[in-house]
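Me: Please take a close look at one part of this model, the nonpolar patch on the surface. Start with the chain as a whole, then go to the patch.

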Amino acid sequence: METSPLHLLQARGPVTVVASAPTFPPYTSPGLTANLVCRVLLAVVANLVCLVPLRLLYRNGELAAVVFILNIQIKNLETIINALIWRNDDIMSWWAGYGWCDFDAYIHNISIGLFVTCLLAIMRNLAQQVGLMRANALTTRERRRRNLIQALIIFPFPILQLALTWPLTAQRYLVGTLMGCNWIPHPSWPFLIFFVLPPPIFALITTGYAILIYKRFRQVHKTTETALCGNRIAQQRSQRTRRKLYLMVISILVPFLPIVIALSVLNIMDMRGIKPYSYDQVHNHASPFPWNTIIFFPSSEISWTYMNNCYIPIATAIPIFVFFGLTKDAINDYRQVFLFFGFGAIFPGLHNEYDPDRTVTTSGGSFGSGRLQQTLTSVPSKAEIPTSSNPSSQTVPLGIEGSLSHEPRQPGPHCSMEVEPATQPTRLPGNNPFLFRTRHTTTVPPSLRRCFQVKKSQQSAEIVSHLGPVHSSSPLTKTRHGPGLSEANVQTTVWCGDGGESGPFESVRIVRKAAPRSVHVQTAVSRKTETITN
């Protein structure tokens, strides 16, 4: 706070009101108005986004987190009230703040203490949970013991600051533009020991717990990484937890610790030396004005740091929303609120319960297996399905890619092939509804269709004559027949080609280049029309 000569405004009995500087119209400015709108609007939004996390944490019995959020909401409410009451520099029309500012000094001091002690309790509890190797939840007795320890960490220091507020008050209070009421401490050793130095000490301990949390989680992740590699849902949960813990550690190391240390340094600089403390000297012989004096400060006399430190509790709502307000239960609570206000008619997806693991299960297994399964179960096109009047003729989707004029693709080391009987007629895909489609399903005249079928049957018979019967020429060759079909219809041959050997079918015109330690699959399907599907 900038120093300037004090000017007497009025004396109301034992109460004296003074101003640090005279003010002249206009009493507001665009910057002052913008600051007023921003701090009021953002404080309201911060309190609203903290409601759902507060409800969930209270239901889960998290004492430290509940007290921390309540403290932030009280500070934001204090910011709103002070900014709306003292919103301009017209100090002649200001309310002196009787009663409210007397009580506000105690709220201010206890909120600072609760801010640092609650964060310490939260980080300590989280570090114990990460290092706790147990699968079951805490019992009632263990939960009660945990809350007792958290209460012993949270409340003693703020209560001590609350008890020292009255003895260390050098002047009754001061009132500033937008910032409202402010406590004036006496620059003595009790203020330095109990108000200035403890916040950075608590912040350093909290930072140590934050680093310990991340180290322990990395150890747990390395231990369970092999066990979770086959469970994609567990992997996704582990990644989300790791990301959240990483952001929590960063939010403690980057904004919290430097800001607390910077504020402590500014408080030490404002003390301008340590004075001896005497209760009688502070309360009964104050100078140059009596202790019961109220001081008004316009915005021109308030430094940027003191004017805008109210944004610290507002910004604290961001990590609260990120860490506690984006969970599965919190998002479902938001969904219920939107449904209550009728947004379900505009967004039908709000009627579906949010589950982050559901998207993982519906997306399939691993990348390779899901891709292979999609390839093996692909439906052939209309041109590849022969037309037959025999009701016993069936189309078996074998899923073998490639044609007779190309080299057969070699399946991967984890390839598994299944031949399923076509118990039901294959349902072909309909027309492409896209306007600019590249494949047109035009109607073919019956005469041309019969002509194409005759030519295709002749070509298929010629290919079958060149292929000949399928025989096994290697001890590693295994023949598999599709279930539900006769042996004369489907023959699947699998062989392993060593380096330098050709495929087992020397009579076939296809050139097969066998790679070392590779598996080859040859499938022949014979029907009434002698059609080969590869």
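Reply: The chain has 16 helices and 8 strands, taken as DSSP runs numbered from the N terminus, with at least four residues of H or I for a helix and at least two of E for a strand. This is a predicted model, in which local features need pLDDT of at least 70, side-chain atom pairs count only at pLDDT 80 or more, and totals for chains, interfaces and linings use all residues. Residues are numbered from 1 along each chain as its sequence is written, and side-chain values use heavy atoms, without hydrogens and water.

About 32,100 Å² of the chain is exposed, and carbon and sulfur atoms supply 62% of that area; accessible areas come from the Shrake-Rupley method with a 1.4 Å probe, and for residues only the protein chains shown count as cover.

The nonpolar patch on the surface is formed by L204, I259, I261, L263, V265, L266 and M269, with about 570 Å² of accessible area together. Patch residues have over 30% relative accessible area and no salt bridge (a side-chain nitrogen of Lys or Arg within 4 Å of a carboxyl oxygen of Asp or Glu). Nonpolar side chains (Val, Leu, Ile, Met, Phe, Trp, Tyr) are joined within 5 Å, and like charges within 9 Å. Helix α9, residues 232-271, gives the most to the patch, with 6 residues. L263 lies in this helix α9. L263 is partly exposed, with a relative accessible area of 31%; buried means under 20%, exposed over 50%, and partly exposed in between (1.4 Å probe, protein chains only). Of the 534 residues of the chain, 35% count as buried.
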